[in-house]
Structures are given as C-alpha cells and as structure tokens.
Amino acid sequence: MPKKAKRGGGGGAGKRVERDSAGSDDDGSMFNDAGSVSSMGISEVSTAAGGPEAGGAEDISADEIYESKMKDAMDLATEKSAATRIKGIDLLCTGLLKRYVPDFIEGRKATIIDIVEKSLKKGKGGEVTAASKLALLLGVQLIDATEVYQELHGVMLQMLADKTQSTTARSSVATSVSGLCFIAGGDLAEVVRVMKILESVFVASASKQDGSIAKISPELSSVHANCLSGWALLSTLLSPAQIYETIDSQVRMLRGLLNSCDVDVRIVAGETIALILEAAYDFDEDYVPDNFNDLLAELKQLATDSSKSKSKKDRKEQRSSFRDVLRAVEEAEQPSETVKFGKEILKIQSWFSKCQYDWFCKIMGTGINTHLSTNLMLREIFELGPTINWLEVDSQKLTKTQRNAANQQAFKLRTQQRSKHRDKRSAVL
C-alpha cells in the first residue's frame, strides 16, 4: 500500500533539482545578424506590438529586419524545389522559436497553414518533419490556435494511422497533433478521441498476453514513444476523477510497456504511471493499484537494472528516471524542481507540471527561455502570471550612487547609536 508519510504539496518531499532553461543558440544564421533578432525581451514585444517605444530607431529596425526575413522564408517555403521548401520551413521554425510575435503571425496565419498543409500532403521525409514542427510552433505563437488545429488535425491523424507512411513522418505528426490538441483541441470529447488514436498506435509496444516482448524496430519505437508522450500530455487535461474512473486499466496497459525493447518507451511509460497515479492518489488517498507489490517489484528492477545488454547511457537514464517513479508510486512523492529563466523562476512541484514542462522543453529547445518570459499562453499554462516589463522594474531600482549614499547614511546612524551606548557605559563605570 502506498505510504502517505511523505505526501504533501511537493515543496520539500521530493528531490530538489535546479534547472537553467537558457542554452546555447546554434540555430540558423539567417536570424543571428548583429544580435538584432535574438531572443526578444518583453520591452521588444511591446514595441513590436505597437506599444511604447523601448529603444527608438534601433528596435524598430530590428523588428523590420525580422519581419523581412520571415517573409523571405515564407517565399522560400512555397518554391517548387523540395530542398528550398525545407530550408524555408526550417527558417520559419527558427524565427518562431526566437521571438514571440503573435500580432505579426496572426496576419499571416492562413499563409503558414497553407504551407504546412501542402507539405504534409505532398512532401516526403524531412519536409513532413519540418512542416509538422512549423504547425506546432504556429499554434504556440497564436493567442487562439483553434483554426490551426481544425485545419490540420485531420490530415495529421490520417498520416499517423497510415502504416504505409514513413516512421519519421508518423513520429513527427504524432508530436504535432498532440501539442495542437493540448493547446487548441477544444472540448474534452475531442481530447479523449485523440488519446484513443494515440493509444491504438503505442499499445503495439506492450508485452503480449503470454508475456513475450513485442519485437519493434528502433524507428517504429520512436513513433510509439512520441505517441505515448503525447497521450501523457493530453491526460493532464483530465480531472483526477476522470483519470480515476479508468485507472486500473490504464496502469495495466502502461505496465505492459515497461518491458519494451526501447529505453525511451520504458521511461515515458514509467513517468506516465507516476503521473496518473498522482491524480488517483489525489482523488482517493486510500487507493491501491491492482497487484501493487508486483508493480513495485518491476519498478525496483528497472531502477537498479545493470543488464549489459543495454548501453551504459541507456542504463543511466533509465535508473535515474525510475528511482523518481518508484518514490512517486510507493510513497506518493512529488518532484521538486526549480527552473530559472532570465530573472524569473518556475517551480515544478508535481508530475502534472513536470510532464507539461518536459514536453514543451523537448519541442522548443533553447527557445523555451524566451517563450516562458514572453509567451502569454505558456505563462498561463505554467501559472506565471502577466509578462513583466523588466525595463520598468530596473528603472525603479536605486542607482549605484544612491545605494552608496544610503549605505553611508545607515553607517553614520549606526555609529551615532553605538557612540551613545558607549557614553552610557562610561557613565555607569
């Protein structure tokens, strides 16, 4: 039975980890000129949106350069040559990661949707992968991405279910359609429908009824891992009561994936078990999963696995992940991580928020830093509140001269107080 002693809000129960979401910037050089179109701060967002000017002509010039390059990239993405189209789409993705410009993108939404749709239907290999990423980044940019999802989810789900499509294409569209459904899927019925489609794909990696392990190629395992990751992300939209209704069947299904031949599938399955059991424990503190002791034994084995048949890197990743999963399942322990981005921090204190953060971090790479600071939708998802104008905050701080003057005044007052105290002691003596 799960121990309850270590449960709580997650503030001190779990292993404390600090992350720094900032990273190196190695994206396409088209958006790196003179730093003018590097990650945009909140003051630049205001300028780009037509707000108060934050830096005069230079900022306006930077915005114009950025918009010109984005338009050039759109033109490239519509060329006849597949290589040229891929280059254009990749440049659009780079631009969308580097800046949060919802107003600029809103006016070109239909054009970008058309680019994505044509590439998905007629493109092959790398073009489909690039177009899938562009669709998701487009949705992340917009205040309301409903139209993007409605226009593209049909062809994406069709490609995902089509086993004649390349595994690379299926893998990329699985990620894209999951993310778009998360941010713009609409009602709960649509979310559950997409989850069932994703499940119908990744369940092929589960152990067979006789206990034998399914033989899946590494390429197809990548499709299953992405489908399972998307399924976990969408499950965070369900309430604890809704998850609790089917918790036993879900845990059984996920346990079948713990024996997968692919380390990514095993890790995502373990973390998804921790995620849905967190919701079940929240709904019913006395809940105990079916065959609980057997489940703990499986997790302990994975947390201490030293099999030489797996690479050293895979064993290390697996053991690290399953140690956390084991504590979550056995002791209802929650993560406790602090993510630093710019001058702000994001506290991750549940498997719910960890799943969402890790998913977006994987998709956006180093661009997550900029978007956590400026992207209204992501700030709402992670409950970061309104964007902060750091220029205004910094302007309210004391200058170095003012701080020195204040310190000198405080020192003078302390000296006077001590002198009075010494005088009183002298009088007593």
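What is the volume of the largest pocket? In this predicted model, the largest pocket has a volume of about 780 Å³, and 26 residues line it, with Ile267, Val268, Glu271, Asp358 and Lys362 lying nearest its centre. Two or more lining residues are given by each of strand 1 (16-20), helix 10 (218-235), helix 13 (263-283), helix 15 (312-331) and helix 16 (351-364). Of these elements, helix 16 supplies the largest share of the lining, namely seven residues. In chemical character the lining is mixed, since its residues divide into ten nonpolar, six polar and ten charged.

The protein chain around this pocket is built with 20 helices and three strands. Of its 429 residues, 47% count as buried, while the area that the chain exposes comes to about 21300 Å², of which carbon and sulfur atoms supply 51%. When contacts between residues at least 6 apart in sequence are considered, 72% of them join residues at least 24 apart.

Helix 3, which covers residues 82-98, allows a simple check of helix geometry. Because each residue is expected to add 1.5 Å, the 17 residues of this helix should span 24 Å, and the end C-alpha atoms are indeed 24 Å apart, so that the expected and computed values agree. The buried residues of helix 3 include Arg85, Gly88 and Ile89, and further along the helix Leu91, Leu92, Cys93, Thr94, Gly95, Leu96, Leu97 and Lys98 are buried as well.

Terms used. Residues are numbered from 1 along each chain as its sequence is written. This is a predicted model: local features need pLDDT of at least 70, side-chain atom pairs count only at pLDDT 80 or more; totals for chains, interfaces and linings use all residues. Side-chain values use heavy atoms; hydrogens and water are left out. On a 1 Å grid over the protein atoms alone, a cavity is a set of points where a 1.4 Å probe fits but cannot get out, and a pocket is an open set with protein on both sides within 12 Å along at least five of seven lines; lining residues have an atom within 4 Å of a point. Grid points are joined across faces, edges and corners, and a volume is the space filled by probe spheres set on the points. Helices (H or I, at least four residues) and strands (E, at least two) are DSSP runs, numbered from the N terminus. Ala, Val, Leu, Ile, Met, Phe, Trp, Tyr, Cys and Pro count as nonpolar, Asp, Glu, Lys and Arg as charged, and the others, Gly among them, as polar. Buried means under 20% relative accessible area, exposed over 50%, partly exposed in between (1.4 Å probe, protein chains only). Contact means heavy atoms within 4.5 Å. Accessible areas come from the Shrake-Rupley method with a 1.4 Å probe; for residues, only the protein chains shown count as cover. The expected span of a helix is 1.5 Å times one less than its number of residues.
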